[in-house]
Amino acid sequence: MDVGTAPALGIRQVSEETGLSIDTLRWYEREGLLPLVERTADGRRRYPPGALRFIRLVQALRRTGMPVAEVRRFIELGGGELAHHPERMALLERQCAAIEERLAELRDDLAVVQAKIETYRALIARGLDCEDELSEDLVDQLRSDELLAGTLPEAPSQGPAPSERGVRSEAVLPQR
């Protein structure tokens, strides 16, 4: 169907298409985040076909942490005025940088969790409970395992002698 001739959508259809609740769509409208909403004579909301793409952009900006005030500013700068394009681009570029930073943090966090999973698998494979205290010999074996390299904490530089020191597997997670 041609976008130019596609019928306007009701709020329920938009909710189903976007996964946003009807209440959220109404809230977005009240907050000035959906300027494209029209009303019929009886007050029903009607969304032009292009509104779905715009709502998905607003969803992405909000889901990735852009404050409502910045989303609203982005929208206010719309309307096709060339003079506003640099500020709109700057808002999007800042958000893109924030997303990339968050992705890097999440990748680091994922690596830590995956390392913990591998440590637990190694302990379980050896018949140990993940909460058991580990002997120094077992800690040395785990440290020498290529899959687990870097997932165990370094041996403390001071304190009781290794033979007197019990190491709990909960200490296996690298400190960040």
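1. Confidence. The protein chain averages a pLDDT of 81, and 77% of the residues score at least 70. Here pLDDT is the predictor's confidence in each residue, from 0 to 100. This is a predicted model, in which local features need pLDDT of at least 70 and side-chain atom pairs count only at pLDDT 80 or more, while totals for chains, interfaces and linings use all residues. Residues are numbered from 1 along each chain as its sequence is written, and side-chain values use heavy atoms, with hydrogens and water left out.

2. The weak stretch. Over residues 157-176, pLDDT stays under 50. The model has 39 contacts beyond four places in sequence for these residues; contact means heavy atoms within 4.5 Å. Where pLDDT is low, the predicted coordinates should not be read in detail.

3. Layout. The protein chain has six helices and four strands. Their order along the sequence is α-α-β-β-α-α-α-β-α-β. Helices (H or I, at least four residues) and strands (E, at least two) are DSSP runs, numbered from the N terminus.

4. Chain totals. The protein chain counts 176 residues, of which 29% are buried. Buried means under 20% relative accessible area, exposed over 50%, and partly exposed in between (1.4 Å probe, protein chains only). The exposed surface of the protein chain is about 11,600 Å², with 53% of it supplied by carbon and sulfur atoms. Accessible areas come from the Shrake-Rupley method with a 1.4 Å probe; for residues, only the protein chains shown count as cover. Of the contacts between residues at least 6 apart in sequence, 48% join residues at least 24 apart.

5. The core. The largest nonpolar core holds 23 residues, and Leu 25, Leu 34, Tyr 47 and Ile 55 touch the most other members. Helix 1 (11-18), helix 2 (22-30), helix 3 (51-63) and helix 4 (68-76) each give this core at least two residues. Helix 3 has the largest share, with six residues. A nonpolar core is a set of buried Ala, Val, Leu, Ile, Met, Phe, Trp, Tyr and Cys residues joined through side-chain atoms within 4.5 Å.

6. Helix 1. Ile 11, Val 14, Ser 15 and Thr 18 are buried in helix 1. They cover an arc of only 100° around the axis, which puts them on the same side of helix 1. The arc is that of the directions from the helix axis to the C-beta atoms. Arg 12 and Glu 16 are exposed on the face turned away from the buried side. The buried residues of helix 1 pack against helix 2, strand 2 and helix 3. Gly 19, just after helix 1, takes a positive phi of about 80°.

7. Helix 2. Its buried residues include Leu 25, Tyr 28 and Glu 29. Seen down the axis of helix 2, the buried residues fall within an arc of 100°, so they line one face of the helix. Asp 23 and Arg 30 are exposed on the other side. The partners of the buried residues are helix 1, strand 1 (38-39), strand 2 and helix 3. Gly 32, just after helix 2, takes a positive phi of about 80°.

8. Leu 25 and Ile 22. Beyond its neighbours within four places in sequence, Leu 25 is in contact with Ile 11, Val 14, Ser 15, Leu 20, Leu 34, Tyr 47 and Ile 55. Ile 22 is also placed in helix 2. On the same basis, Ile 22 is in contact with Ile 11, Arg 12 and Ser 15. The C-alpha atoms of Ile 22 and Ile 11 are separated by 6.6 Å, at 11 residues apart along the chain.

9. Arg 45. This residue lies in strand 2 (residues 45-46). Its side chain makes a polar contact of 2.5 Å with that of Glu 29. A polar contact is a pair of N or O atoms within 3.5 Å; within protein, one must be able to donate a hydrogen and the other to accept it, and residues adjacent in sequence count only if both atoms are side-chain atoms. Contacts of Arg 45 beyond four places in sequence include Leu 9, Gly 10, Ile 11, Arg 26 and Val 37.

10. Gln 59. Helix 3 contains Gln 59. Gln 59 is buried, with a relative accessible area of 11%. Its side chain reaches the backbone oxygen of Thr 18 at 3.0 Å. Not counting residues up to four places away in sequence, Gln 59 touches Thr 18, Leu 20 and Tyr 28.
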